[in-house]
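Please find below a few points on this model, set down for someone who is looking at it for the first time. They deal with how the helices are arranged and with what lies between them.

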Amino acid sequence: MTPVHFSFSSAFVLGLMGLAFHRTHLLSALLCLEGMMLSLFIALALWTLQFESTGFSTAPMLLLAFSACEASTGLALLVATARTHGTDRLQNLNLLQC
């Protein structure tokens, strides 16, 4: 495994571990998701450059577009949660009360 592949895979795993183990605030969960998507984008872009395939050249841009949609949806949910509940702590959220 090359150092570049190791750094991107470790960045993805660190984002996943942060999402799994450090879930106190909704904002920290969204930041972990963005870190994971950024590492996936860079790895996919380097993969298409490495194989010099034009068929997969649109895949990183498509992933980046879906990541932007995910980020905007997450921020909209964060604002709506902060307005209704007064905080973004995940322990205070209960789907049965909505």
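1. In this predicted model, helices α1 and α2 are roughly antiparallel to each other, because their axes cross at roughly 160 degrees and an angle over 145 degrees counts as roughly antiparallel. The two helices cover residues 3-21 and residues 26-51 respectively, and their axes come within 8 Å. The crossing of α1 and α2 is left-handed.

2. Which residues make the contact between α1 and α2? On the α1 side they include Val-4, His-5, Phe-8, Ala-11 and Phe-12, while on the α2 side they include Ala-29, Cys-32, Leu-33, Met-36 and Ser-39. Taken by class, the residues of this contact divide into 14 nonpolar and five polar, with no charged residue among them.

3. Ser-39, a residue of helix α2, deserves a separate look. Its relative accessibility is 5%, so Ser-39 counts as buried. Leaving aside residues up to four places away in sequence, Ser-39 touches Phe-8, Ala-11 and Phe-12, and these three are among the residues that α1 brings to its contact with α2.

4. Helix α3 runs over residues 59-85, and its 27 residues should span 39 Å at 1.5 Å a residue; the C-alpha atoms at its ends are 38 Å apart, which agrees with that expectation. After α3 comes Gly-86, whose phi is positive, near 85 degrees.

5. Within α3, the buried residues are Pro-60, Ser-67, Gly-74, Leu-78 and Thr-81. The partner against which these buried residues pack is α2, the helix that also makes the contact with α1.

Key: Residues numbered from 1 in each chain as written. Predicted model: local features only at pLDDT ≥ 70, side-chain atom pairs only at ≥ 80, totals over all residues. Heavy atoms only, no water. Axes fitted to C-alpha atoms, helices over the stretch in contact; angles between N-to-C directions. Helix = DSSP H or I, 4+ residues; strand = E, 2+ residues; numbered from the N terminus. Left-handed = near helix turned anticlockwise from the far one by under 90°. Contact = heavy atoms within 4.5 Å. Nonpolar A, V, L, I, M, F, W, Y, C, P; charged D, E, K, R; others polar. Expected span 1.5 Å × (residues − 1). Buried < 20%, exposed > 50% of the residue type's maximum accessible area, 1.4 Å probe, protein only.
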